[in-house]
Structure formats: C-alpha cells, structure tokens
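User: Could you take me on a close look at one part of this protein? I am new to structures, so please go step by step.

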Amino acid sequence: MDIKDIQNLIKFVSKAEVSEVKYKTKDFEITIKTPLAGSDAVYAQPAVYHTAPQAVAVQAPVATSAPAPAAEKAETASDDSKYITIKSPMIGTFYRKPSPDKDVFANVGDDVSVGKVVCVIEAMKLFNQIESEVSGKIVKILVDDATPVEYDQPLFLVDPS
C-alpha cells in the first residue's frame with residue numbers, strides 16, 4: 001500500500017462518517033479512528049514489524065592526551081552504550097503529550113514496558129502513538145517537545161536493567 005492509497009482511504013473514511021476502520025494485509029496494518037462527540041484528534045497507529053535487535057560492536061576509545069572536557073564526553077558516550085535507544089519509526093513532529101492540556105506520556109526515571117506509549121509523532125495531520133519496544137527505565141529524553149524528527153532518529157535512552 002503506497003501513500004496515495006493511504007490518503008484515499010483516509011478521505012473515504014472521513015466521508016463515510018464511521019468511527020473506526022482497520023485495514024490489514026500480510027505485512028501491513030493500519031487503523032484509522034475519526035473524532036466522535038467532542039474528540040478533536042485523529043490517531044493512526046501503524047503496526048511496525050521489526051526484526052530482533054542485533055548487537056553493535058563498539059570501538060574502544062583510544063587513549064590520547066586530550067583536554068579534560070573531551071575525556072568527559074568520551075566517558076558519557078561509553079556510558080550511553082549500555083542503554084537501549086527508542087527510535088522514531090517515521091518522519092514528523094515529536095510530542096510528549098497526547099494534547100496540550102494532558103500530562104506527558106513518560107518522564108526521565110519512569111519505568112516503561114513493551115507496548116507502553118512513550119510519545120506521539122504527528123505526520124500529515126495524523127497523530128501516531130509510538131510504543132516502547134523495550135522494558136526498563138527512561139534515563140534520557142533526546143528530543144525537545146514539538147520539534148521535527150527524522151526516520152530512525154533516537155528519541156529516548158532506556159536502561160534495561
């Protein structure tokens with residue numbers, strides 16, 4: 001299914017005045033929900049099929065006579081290697097809250113589990129709930145609220161222990 005088909009499906013759903021439509025194929029699933037009685041947001045939650053995470057070899061830092069700030073940055077980078085990164089599955093605008101008057105989905109120090117919504121990414125006027133693919137504790141939020149994000153951009157660091 002290409003983007004043109006998705007746009008046509010969205011137009012059809014809005015004209016049909018139905019509250020929810022699910023479309024599923026072998027490797028693609030989309031759910032389109034339309035606003036009902038006072039609701040003002042449309043959420044599409046794509047099903048993302050991933051392969052198992054693979055270990056990435058980390059190169060050991062080379063000892064040099066660098067100034068102290070550079071050494072601190074190297075330590076921080078090596079500390080971050082023990083964390084798992086939650087990345088953006090799409091291009092759009094990152095939001096930490098479901099709406100301006102609601103609480104944030106997740107803060108630093110919060111425990112997350114697989115399937116817990118950690119943020120929303122708005123793309124083409126659709127608000128896509130992003131779920132955690134790992135369990136652990138959020139140690140760092142890497143993106144500011146209401147800023148654009150790219151595909152595969154790191155959003156959160158999670159300590160799996």
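Here is what I would like to follow: the sheet, and then the nonpolar core. Which strands make up the open sheet of four strands, and in what order? And which residues of the largest nonpolar core touch the most other members?

Analyst: Happy to help! Please keep in mind that this is a predicted model.

Let's start with the sheet. Its four strands are arranged in the order β3-β10-β8-β5, the sheet is open, and the pairing is antiparallel. At the edges you will find β3 (84-87) and β5 (111-112), each of which pairs on one side only. As a general point, strands of a sheet pair through backbone hydrogen bonds, and this can be parallel or antiparallel.

Now zoom in on one pair. Strand β8, covering residues 136-141, and strand β10, covering residues 154-159, run antiparallel and share four bridges. You can pick out two of the partnerships by eye: Ile 138 is matched with Val 158 in β10, while Ile 141 has Phe 156 as its bridge partner. Next, look at where β8 meets β5: these strands are also antiparallel, and two bridges join them. Here Val 112 sits opposite Gly 136 of β8.

Phe 156 is a good stepping stone to the core. The largest nonpolar core has 17 residues, and the ones touching the most other members are Phe 94, Cys 119, Leu 155 and Phe 156. Both β6 (117-123) and β10 supply at least two residues each, and β6 gives the largest share, with four residues. In general, nonpolar side chains of soluble globular proteins tend to be buried together.

Try centring your view on Phe 94. Setting aside neighbours within four places in sequence, Phe 94 has contacts that include Cys 119, Val 120 and Ile 121, as well as Leu 155 and Phe 156. Its partners also include Val 143, Asp 144, Asp 145, Ala 146, Thr 147 and Val 149. Apart from this core lies another one, of five residues, including Ile 6, Val 13, Ile 30 and Ile 32.

One last stop is Pro 98, found in the loop between β4 (92-95) and β5. Is Pro 98 buried, exposed or partly exposed? Its relative accessible area is 27%, so Pro 98 counts as partly exposed, since that class lies between the 20% and 50% cut-offs. Between the C-alpha atoms of Pro 98 and Val 118 there are 10.0 Å, and these residues are 20 residues apart along the chain.

Key: Residues numbered from 1 in each chain as written. Predicted model: local features only at pLDDT ≥ 70, side-chain atom pairs only at ≥ 80, totals over all residues. Heavy atoms only, no water. Pairing = 2+ DSSP bridges. Buried < 20%, exposed > 50% of the residue type's maximum accessible area, 1.4 Å probe, protein only. Core = buried A, V, L, I, M, F, W, Y, C linked by side-chain atoms within 4.5 Å. Contact = heavy atoms within 4.5 Å.
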